[in-house]
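Please load the model in your viewer and keep a selection prompt at hand, since each stop below names what to pick out. The route runs from strands to rings and ends with the empty spaces.

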Amino acid sequence: MADSVLYEVSDGLATVTLNRPGAMNALDTGTKVALRDSLQAAAADEAVRAVLLTGSGRAFCVGQDLKEHVANLAEGGGMETVAEHYNPITLAIATMQKPVVAGVNGVAAGAGAGFAFAADFRVVADTASFNTAFAGVALSADSGMSWSLPRLVGPSRAADLMLFPRSVSAQEAEALGIANRVVPAADLPGEALAVARRLAAGPTLAYAAIKASLAYSAAHPLAEALGREAELQSAAGGSADHREAVAAFLEKRTAVYVGH
């Protein structure tokens, strides 16, 4: 992978780090390609059971590299990046069959905020902030923000945050339901890693089923959601991890999961 995105797999956990600290991890084309490829590699790798997405330096990700964007607009392009990069990145985060933790170490704006919103769990530094940003540069939403943000905060608050972009502190983000956990900035790397490692050691197939059921139920009526739950529960019930969990409970020991 390119130096602008670091990718490491250890003990079932893939850590994906945006690594343009001097540019606040702004997304130029090389970074977007590397991030897309890293996340798709993690999704496809059976050895990976959870993903931690974070940034280096003082920002998580400030979104599109506007200097590159201005140059692309001058050449008559620029917007094709949504289909080529932002959509597959967001889909990889939201739909991979393993949990994704966003370790939000600093400001997350525009697409950077969208990627954090698409994750399953957000550990946020107390000095971090979120900004939808798009309307501030006369753009609509991308990176799945129109889908993910209303599910986190409700449609009315999502409209407010997107029509009137502003900096949302970590503390407000926690109150709104955006941040799952806010920790002191110095503790962010260790806390995000601990959460991700716990998920990597857990029942991966069950986590995948939970992600699938949540996504399905958001767009289907109760009867259909119940049917989908039954299908997913049947698959989880036939897993080695379920048998191990039941045995561990009866034997009064800690379960050791294999991920299937």
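Begin by selecting A108 and F130, where F130 in β8 is the bridge partner of A108. The model is a predicted one, in which local features need pLDDT of at least 70 and side-chain atom pairs count only at pLDDT 80 or more, while totals for chains, interfaces and linings use all residues. Residues are numbered from 1 along each chain as its sequence is written, and side-chain values use heavy atoms, with hydrogens and water left out.

**Strands**

Widen the selection to strand β6 (residues 107-109) and strand β8 (residues 129-131), which pair in the parallel sense over 2 bridges; strands are DSSP runs of E with at least two residues, helices are runs of H or I with at least four, and both are numbered from the N terminus. Two strands count as paired if DSSP finds at least two bridges between them. Adding the neighbours gives an open sheet of 4 strands in the order β4-β6-β8-β9, with mixed pairing. At its edges stand β4 (59-61) and β9 (168-169), each with a single partner strand, so one side of each is left without a neighbour in the sheet.

Next select residues 5-10 and 13-18, the strands β1 and β2, which pair in the antiparallel sense over 6 bridges. V5 stands opposite L18 in β2, and in the hairpin, which has 2 residues between the strands, D11 takes a positive phi near 50 degrees.

**Rings**

Rings of Phe, Tyr and Trp (its six-membered ring) are paired here if their centres lie within 6.5 Å, with planes under 30 degrees apart called stacked, over 60 edge-to-face and the rest tilted; by this rule there are 2 aromatic pairs. Select Y86 and F115, whose ring centres are 6.0 Å apart with planes at 45 degrees, so the pair is tilted. Y86 lies in helix α3 and F115 in helix α4, so the pair ties together parts that are 29 residues apart in sequence. Both Y86 and F115 are buried (under 20% relative accessible area, with a 1.4 Å probe and protein chains only).

Move on to W147 and R151: the charged end of R151 sits over the ring of W147, 4.0 Å from its centre, the rule being that NZ of Lys or CZ of Arg is within 6 Å of the ring centre and within 35 degrees of the ring normal.

**Empty spaces**

On a 1 Å grid over the protein atoms alone, a cavity is a set of points where a 1.4 Å probe fits but cannot get out, a pocket is an open set with protein on both sides within 12 Å along at least five of seven lines, and lining residues have an atom within 4 Å of a point.

W147 serves again as a landmark. The largest pocket holds about 690 Å³ of space, and of its 23 lining residues the closest to the centre are A94, A118, A119, D120 and W147. Helix α9 gives the most to this lining, with 5 residues.

For the second largest pocket, of about 340 Å³, select Q97, T204, L205, A208 and G259, which are the closest to its centre among 17 lining residues. Again α9 gives the most, with 5 residues.

Finish with the 1 cavity of 30 Å³ or more that a search of the whole structure finds. The space in this largest cavity is about 50 Å³, and its lining is F117, F130, N131, T132, L161, R166, V168 and I178, which brings back F130, the bridge partner of A108.

Definitions and conventions: Grid points are joined across faces, edges and corners, and a volume is the space filled by probe spheres set on the points. Buried means under 20% relative accessible area, exposed over 50%, partly exposed in between (1.4 Å probe, protein chains only).
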